[in-house]
Amino acid sequence: MKVLLYSEGKKLFSKSGVGRALKHQMIALEKVGVAYTTDEEDNYDLAHINTIGPGGEKVLKKSRKSGLPVIYHTHTTFEDFRNSFMFSNSLAPLIKRRIKRLYSSADFLISPSEYTRDLVRGYGVNLPIKVISNGVDNEKFTGNAFLAESFRKQYGIEGPLVISVGLPFSRKGVVDFCDIAADKPDIRFFWFGAKITSLLPAKIKKLLNHPPKNVIFPGFVPQETIMGAYSACDAFFFPSYEENEGIVVLEALSMEAPILIRDIPVYRGWMRSEENCLKGRDNRELSFLLDRLVADKKLAGKLTSTGKETALERDLSIIGQKLKNTYLEVLEKR
């Protein structure tokens, strides 16, 4: 069995969740001995498509014409496309129709969460769907005291540190992050993620250029820097309004960073407030909980210990076996 792992726009998507998901799939399959290719011109037995652009559609049609089964990974939804790039809200209804058509044309779907599966079902897509987490590399993402010290030294941080990771979209809560930070001048806030300013709305560009004095946007940085920040932080604060799983949340769990997230449907059932994270419903509550998390080291320790267990349940070795079983199931039905 040889699988095509396909994602288009690799340069752009490499800095996004979809790009990270593709990399995770590659590592996961290597761990369980499944051969794969990322070259659509190569020979393969099954196509696993991650994106909904023209390249993904081309691979879909080519595979179907050749009698090869296709699995579509439902990373993209109408809900998470909105409030991202310029004109995303205007394009979202068109994207929704495209999503329904492409996903319905596959043989099988994989969703990164039960929430995303239910969204796709709500579009009227009736194919079999299996929920498989994007997973996390627990061997790689582990707390590192040396990197933590290096990060704090590099940026001259002596007091509390709060971080977030992701593309600086309104949907991700970047405006809320800055609003809450502005009320806490004694805490340093960092938001890591590629700025891609040519595609961002004017409001977000202005925020990136003129953030509160205690907020830094370093942009896209080497993974070692991110790991240093995870290791050094007093809180990983991710106020996103919409996610299909949240790979950075998985990384924060694995790095044993104390986590504060917005209480949104995608986290229900696996991110449990007061057990492996804290959850807030609105900015007022998030602000209160952030102060609590930064101040209460005993609480932080409890959350990170349970959080690591959550990450281990989603290790890439486990995800690889789930992907392998799914591929075999789809191939057997052809």
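**Buried polar residues, nonpolar cores and two positive phi angles**

His 48 is buried, with a relative accessible area of 0%. That value, like the rest reported here, comes from a predicted model. The residue sits in strand β3, which spans residues 46–49. Its side chain is not without a polar partner: a polar contact of 2.7 Å joins the side chains of His 48 and Tyr 327. Tyr 327 also turns up in the wider contact list of His 48, next to Leu 323. Setting aside neighbours within four places in sequence, that list further takes in Val 3, Leu 4, Leu 5, Tyr 6, Gln 25, Ile 71, His 73 and Ile 110.

Two aspartates in loops come next. Asp 107 is found in the loop that runs between α5 (88–104) and β5 (108–111). Its side chain reaches over to the backbone nitrogen of Val 70, at 2.7 Å. Leu 68 is another residue that Asp 107 touches; the two are 39 residues apart in sequence, yet their C-alpha atoms are 9.5 Å apart in space. With residues up to four places away left out, Asp 107 also touches Arg 64, Pro 69, Leu 127, Pro 128 and Arg 334.

Asp 315, for its part, belongs to the loop between α13 (297–312) and α14 (316–332). Here is a buried acidic side chain with no salt bridge. The nearest side chain of opposite charge is that of Lys 31, 5.1 Å away, and a salt bridge would need the charged atoms to be within 4 Å. What Asp 315 does have is a polar contact, side chain to side chain, with Asn 138 at 2.9 Å. Apart from neighbours within four places in sequence, Asp 315 is in contact with Asn 138 and Val 136.

Turning to the nonpolar side chains, the largest core holds 62 residues, and Tyr 230, Phe 236 and Val 249 have the most contacts inside it. A second core lies apart from that one; it has 31 residues, including Val 175, Cys 178, Ala 181 and Leu 208. In soluble globular proteins, nonpolar side chains tend to be buried together. Val 249 gives a closer look at the surroundings of one such residue: beyond its neighbours within four places in sequence, Val 249 is in contact with Phe 236, Phe 238, Ile 259, Ile 261, Tyr 267, Trp 270 and Met 271.

Aromatic rings also pair up, with 12 aromatic pairs in the structure. One of them is stacked, between Phe 190 and Phe 192, with 5.8 Å from centre to centre and 20° between the planes. Both of these phenylalanines are buried. The two are also part of a cluster, linked through ring pairs, that takes in Phe 151 and Tyr 155.

Finally, a word on the backbone. Most residues other than glycine have a negative phi, but two glutamates depart from that sign. Phi of Glu 256 is positive, near 60°, and Glu 274 has a positive phi of about 75°. Each is in a loop: Glu 256 between α11 (247–254) and β11 (259–262), and Glu 274 between β11 and β12 (278–280). As for exposure, Glu 256 is partly exposed, with a relative accessible area of 38%. Glu 274 is partly exposed too, at 31%.

Notes: Residues are numbered from 1 along each chain as its sequence is written. This is a predicted model: local features need pLDDT of at least 70, side-chain atom pairs count only at pLDDT 80 or more; totals for chains, interfaces and linings use all residues. Side-chain values use heavy atoms; hydrogens and water are left out. Helices (H or I, at least four residues) and strands (E, at least two) are DSSP runs, numbered from the N terminus. Buried means under 20% relative accessible area, exposed over 50%, partly exposed in between (1.4 Å probe, protein chains only). Lys and Arg count as positive and Asp and Glu as negative; His and the chain ends are not counted. A polar contact is a pair of N or O atoms within 3.5 Å; within protein, one must be able to donate a hydrogen and the other to accept it, and residues adjacent in sequence count only if both atoms are side-chain atoms. Contact means heavy atoms within 4.5 Å. A nonpolar core is a set of buried Ala, Val, Leu, Ile, Met, Phe, Trp, Tyr and Cys residues joined through side-chain atoms within 4.5 Å. Rings of Phe, Tyr and Trp (its six-membered ring) pair if their centres lie within 6.5 Å; planes under 30 degrees apart count as stacked, over 60 as edge-to-face and the rest as tilted.
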